[in-house]
Amino acid sequence: MRFDEIVALDSVSFELGASETRVVLGAAGSGKTTLLKAAIGLIRPDSGKIYLLGQEITGLKEAQLFHIRSGVGVLFQEGGLFDSVTVEENVAYPLLNRTKHPDTLDEAETKVRAALRFVELEQTLEQYPSELSGGMRRRVGIARAVVSEPPLVLYDSPTAGLDPITANLIMALIAKERDSRETANLIVTQRYQDGQLMANFRYNRNSGHLEPASTNGAGGENGSNPTRTIFMVMKDGRVVFEGTQHELEASQDDYVQKFVPKHT
Amino acid sequence: MLDFLKPPVAAIQDFYVLSGRALRNLFRGPHYVDDIAIQMDTIGVGSLPIVLLIGFFSGFVITMQMSRALAQYGATGQVGQIVAITLVRELGPVLTALLVAGRNASGIASELGSMKVTEQIDAMRALGTDPIQKLVTPRMIATCIMLPLLTIVADFVGLIGGYVIAYFSIGLTTSEYWTNAYQALEYNDIAQGLLKPFVFAFIISLVGCFYGLRTTGGTQGVGLATTKAVVAASVWVFVITSLITRVFVNLH
């Protein structure tokens, strides 16, 4: 894929299986967001093929894509909320506007409330996105991404520009989302801690808290990678590393090492 | 060698693609009636005060200027005719279009531009809505309905402005002015005066949407897109009015 003369993505190839998590790390301008947008057909590649939910989307027309995309939730950088409508209408948007079987207003309202309760923002229904803080907007964005219960959720820099505490709150929500519905996740981020949280913690439905993944026994068959989290590091549009957290920390590559804090 | 021609040619091509899609969407659903109504309110009702003001004063000023020129021939009684023809054929449509271009092409470009840079357009596509269907077509329909109506209003208050001068300053009677103005107009003039705003409406709305959707580079980009939209829309209004006038003058 290239923009004018600049190659944004070059020979990037990966597969994301059901209920797997893939964390894409990389410096600004390394092609992370482009990768995410190409994955749902918002940008078309010059060559190569993209399969989304088992269907090839590379040659499809925009109108045909709409239906496939309704199986994917997306959180955009900064949330991407429509600022001319209320939080409630924002979250209801994917339900009311999907091409096949749109919800009735009553059905949508129940689901919208549930989704907003999930991100603990039920009280903001009538507010406009501009009245919310950056972290709240991100949480509403998550509610909108998951309200239609898609099997795959893409997160574009969910913690960018947030303070560490809010960032952890957002990542905890993403982990909670993953583990309560067993979704596949593609998370693009600059923060290693985000990936670390996804790889090492699971949401426990019984206690309602995040717990270290190894203690709740779910990790048995997956060995040292109980959350099935794969890391990928990008540089100038190329994938320079792909592997588990253990392999990432053991990597000797200078560029890859920049993303792994030395004292963890 | 001719590389410098590539960007403008590509821009024209993109503009045609956008216009084609916006027009095609007229004939396929879903239609966002609410959005059309909101846009009609913003573009039509919102522009009404300034259109009334400018329309009135253009008629007012033309009459003052013309009364002096006509006095040389002792024909100040014909002032209604001159005001009617200049307003209905040319100044009404063009002034209204320029006002709406300044007010709404900029508004459309900045709104869509902000949506573009904050990824709301991408979000819309990701959530299964065609941004052209949801944003461009309603604005186009609303402008095409409202601009001719605004032009009619501007023409009428312009004639009233002319009447004020004709009555109080020149000393014509009410019936002298209005009969003269009314009889000067032919169907040809009316057709021309209504065709123009209709064509301008396409240009203004589509140019605004075009520059808005092409916005890149954050808030600065939004400002740039807005400026470009107003300049381009205004220039096209003049080009098109010249073309249409040329055609109608030949028809006559």
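# Two domains, packed helices and exposed loops

Guide: In this predicted model, the centres of domain 1 and domain 2 of chain A, taken over C-alpha atoms, are separated by 23 Å. Domain 1 comprises 1-71 + 152-264 and domain 2 comprises 80-149, according to the domain assignment of chain A.

Visitor: How many residues does each domain of chain A give to the contact?

Guide: Domain 1 of chain A gives 14 residues and domain 2 of chain A gives 14 residues. On the side of domain 1 that touches domain 2, helix H2 (62-69) and helix H6 (164-181) of chain A are the elements that give two or more residues. H6(A) gives the most to that side, with seven residues.

Visitor: What makes helix H1 (residues 32-39) of chain A count as largely enclosed by the rest of the structure?

Guide: A residue is buried if 20 or more other C-beta atoms lie within 10 Å of its own. Eight of the eight residues of H1(A) are buried, so the helix is largely enclosed by the rest of the structure. Among them are A:Lys32, A:Thr33, A:Leu36 and A:Lys37.

Visitor: What covers the buried residues of H1(A)?

Guide: The cover includes strand S3 (21-26), strand S4 (51-52), strand S7 (152-156), strand S8 (184-189) and strand S11 (229-235) of chain A. Chain B contributes helix H4 (120-126) to the cover. After H1(A) comes A:Gly41, with a positive phi near 80 degrees.

Visitor: Why is A:Glu182 called exposed or buried?

Guide: The limit for an exposed residue is 12 or fewer other C-beta atoms within 10 Å. A:Glu182 has 9 C-beta neighbours inside 10 Å and therefore counts as exposed. This residue lies in the loop between H6 and S8 of chain A. The phi of A:Glu182 is positive, about 55 degrees, although the residue is not a glycine. Most residues other than glycine have a negative phi.

Visitor: Why is B:Glu119 called exposed or buried?

Guide: The threshold for a buried residue is 20 or more C-beta neighbours. B:Glu119 has 21 C-beta neighbours inside 10 Å, so B:Glu119 counts as buried. The loop between H3 and H4 of chain B holds this residue. B:Glu119 has a positive phi of about 65 degrees and is not a glycine.

Visitor: Why is B:Arg28 called exposed or buried?

Guide: With 11 other C-beta atoms within 10 Å, B:Arg28 is exposed, because the limit for that class is 12 or fewer. B:Arg28 lies in the loop between helix H1 (6-24) and helix H2 (33-71) of chain B. B:Arg28 and B:Gln133 are 105 residues apart in sequence, with 9.2 Å from C-alpha to C-alpha.

Visitor: How many helices and strands are there in chain B?

Guide: Chain B has eight helices and zero strands. Of its 252 residues, 46% count as buried. Among contacts in chain B between residues at least 6 apart in sequence, 89% join residues at least 24 apart. The C-alpha atoms of chain B fill a box of roughly 70 × 50 × 35 Å along the principal axes.

Visitor: How do you know whether H3(B) and H7(B) are parallel to each other?

Guide: Angles under 35 degrees count as roughly parallel. The axes of H3(B) and helix H7 (residues 187-213) of chain B cross at roughly 15 degrees and come within 8 Å. H3(B) and H7(B) are therefore roughly parallel to each other, and their crossing is right-handed.

Visitor: Why is H7(B) called parallel or antiparallel to H8(B)?

Guide: An angle over 145 degrees counts as roughly antiparallel. H7(B) and helix H8 (residues 218-251) of chain B pack at about 155 degrees, with their axes 9 Å apart. That makes H7(B) roughly antiparallel to H8(B). The crossing of H7(B) and H8(B) is right-handed. On the side of H7(B), the contact is made by residues including B:Val199, B:Ile203, B:Ile204 and B:Val207. On the side of H8(B), the residues include B:Ala229, B:Ala232, B:Ala233 and B:Trp236.

Visitor: Which residues have the most contacts inside the largest nonpolar core?

Guide: They are A:Ala143, B:Ile204, B:Val207 and B:Ala233, in a core of 124 residues. Helix H3 (residues 79-117) of chain B gives the most to this core, with 17 residues. Domain 1 and domain 2 of chain A each supply at least three residues to this core. Leaving aside neighbours within four places in sequence, B:Val207 is in contact with B:Ala105, B:Ala229, B:Ala232, B:Ala233 and B:Trp236.

Note on methods: Residues are numbered from 1 along each chain as its sequence is written. Chains are lettered from A and ligands numbered from 1 in the order in which they are written. This is a predicted model: local features need pLDDT of at least 70, side-chain atom pairs count only at pLDDT 80 or more; totals for chains, interfaces and linings use all residues. Helices (H or I, at least four residues) and strands (E, at least two) are DSSP runs, numbered from the N terminus. Two residues are in contact if their C-beta atoms, placed from the backbone, lie within 7 Å. A nonpolar core is a set of buried Ala, Val, Leu, Ile, Met, Phe, Trp, Tyr and Cys residues joined through C-beta atoms within 7 Å. Domain bounds come from an automatic or database domain assignment. Axes are lines fitted to C-alpha atoms, for helices over the stretch in contact, and angles run from 0 to 180 degrees between N-to-C directions. Angles under 35 degrees count as roughly parallel, over 145 as roughly antiparallel, 65 to 115 as roughly perpendicular and the rest as oblique. A crossing is left-handed if the near helix is turned anticlockwise from the far one by less than a right angle, and right-handed if clockwise.
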